[in-house]
Amino acid sequence: MSKFISEGIGNIMDIVEIGNMFIEQLKRDGKKPLTLDSYKRDIDDFHKRLKIKTIEDLQSLGRKDVSDYINELIDEYAPTTVNHRIAVLKVYYSFLVFNGYVKESLIYERKKLTVPPPKYKFLDTDEMDALLELADNLKAERGYLGVRDALVIQICLSTGLRIFEVRKIKIQDINFREGSVHIIGKGDIEGTLYLPARTLRTLQEWLNIRSELKIKEGHEDFLFISNRGTNISKRRLQQIVEEYSEMAGKKVSSHKLRHTFATQMVGSGTCTDEELQGMLRHKHKTTTELYRHTLEIGLKKSRQMPSFA
């Protein structure tokens, strides 16, 4: 018998407590912090919109209440978001039924909403060259931070790394003999990426500067260091990309540089889908195939690879 049932439902009247128990169960099941935060937001929204404050409120709900809630989501959010929230509610109701808080799940089987193919935005070759040249030109003006920022831009454009993966790079992840970097990415998918000559030169320039910096204890292994001597934040990395790209003429987010890398690889015709999947560290081949299909629309602007020599 579940420990929650043995404690007695009557002793647990506050819906917040039940929500917290649900999140704790997910944590024990191995869900990661970002996933837990997402689930909590979705469940809190469900409780708030349906004015659920106690276990009695939850038990009084009918299928129409939940159906109306989902229809409300459909009116407000993109199909991807709605599908995710329905999936979360299914897991939540499984938890509620298993622990005796409700008799049955109110989430009936329904066809997933159709998600339109993403419209990827990316830099064309001229825009890439302008961004790379700007970053190089600002090295002297901005000192050691300029060198660091130029390396951030070059790594993003030449490897397609996600910004959190860039932040997590450690010195020991770099194989200087092979000119490669080992990555543990989203979903703990590992990969080895090779850096072009231009990026390797900037890397060496940054490492020479970095060796003279005062780095705080616990941050010594990280490649990218902030002006406070700590591992640079994800938000600061995003700001670097946004700031430099805006100065170069086209402001883009850090993830758009990943799209740009993928576009260049597809446009150059130098890799198979399997190779591109490995470079992008996609868990499923279908994700990479979708990338290729949607990116091919704008490839006429990106046939020529920028110079990383």
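**Strand 3 and its surroundings**

Me: Which side chains of strand 3 are buried, and which are not?
Reply: This is a predicted model. In it, the side chains of strand 3 (residues 190–194) alternate. Gly191 and Leu193 point to one face and are buried. Glu190, Thr192 and Tyr194 point to the other face and are not buried.

Me: What does strand 3 pair with, and over how many bridges?
Reply: Strand 2, residues 180–184. The two run antiparallel, over 5 bridges.

Me: Which residue in strand 3 is the bridge partner of Ser180?
Reply: Tyr194. Tyr194 is also one of the residues on the face that is not buried.

Me: And how many residues sit between the strands in that hairpin?
Reply: There are 5. Gly187 in this hairpin has a positive phi near 70°.

Me: Zooming out. How many helices and strands does the protein chain have?
Reply: It has 13 helices and 3 strands.

Me: How much of the chain is buried?
Reply: Buried residues account for 44% of the 309 residues. The accessible surface is about 16700 Å², and carbon and sulfur atoms hold 52% of that.

Me: New topic. Where is Thr54?
Reply: Thr54 is in the loop that links helix 3 (33–49) to helix 4 (55–59).

Me: Why does Thr54 count as partly exposed?
Reply: Because its relative accessibility is 25%. Buried would mean under 20%, and exposed over 50%.

Me: What separates the C-alpha atoms of Thr54 and Ile18?
Reply: A distance of 9.1 Å. Along the chain, Thr54 and Ile18 are 36 residues apart.

Conventions. Residues numbered from 1 in each chain as written. Predicted model: local features only at pLDDT ≥ 70, side-chain atom pairs only at ≥ 80, totals over all residues. Heavy atoms only, no water. Helix = DSSP H or I, 4+ residues; strand = E, 2+ residues; numbered from the N terminus. Buried < 20%, exposed > 50% of the residue type's maximum accessible area, 1.4 Å probe, protein only. Areas by Shrake-Rupley, 256 points an atom, 1.4 Å probe, with all protein chains shown as cover. Pairing = 2+ DSSP bridges.
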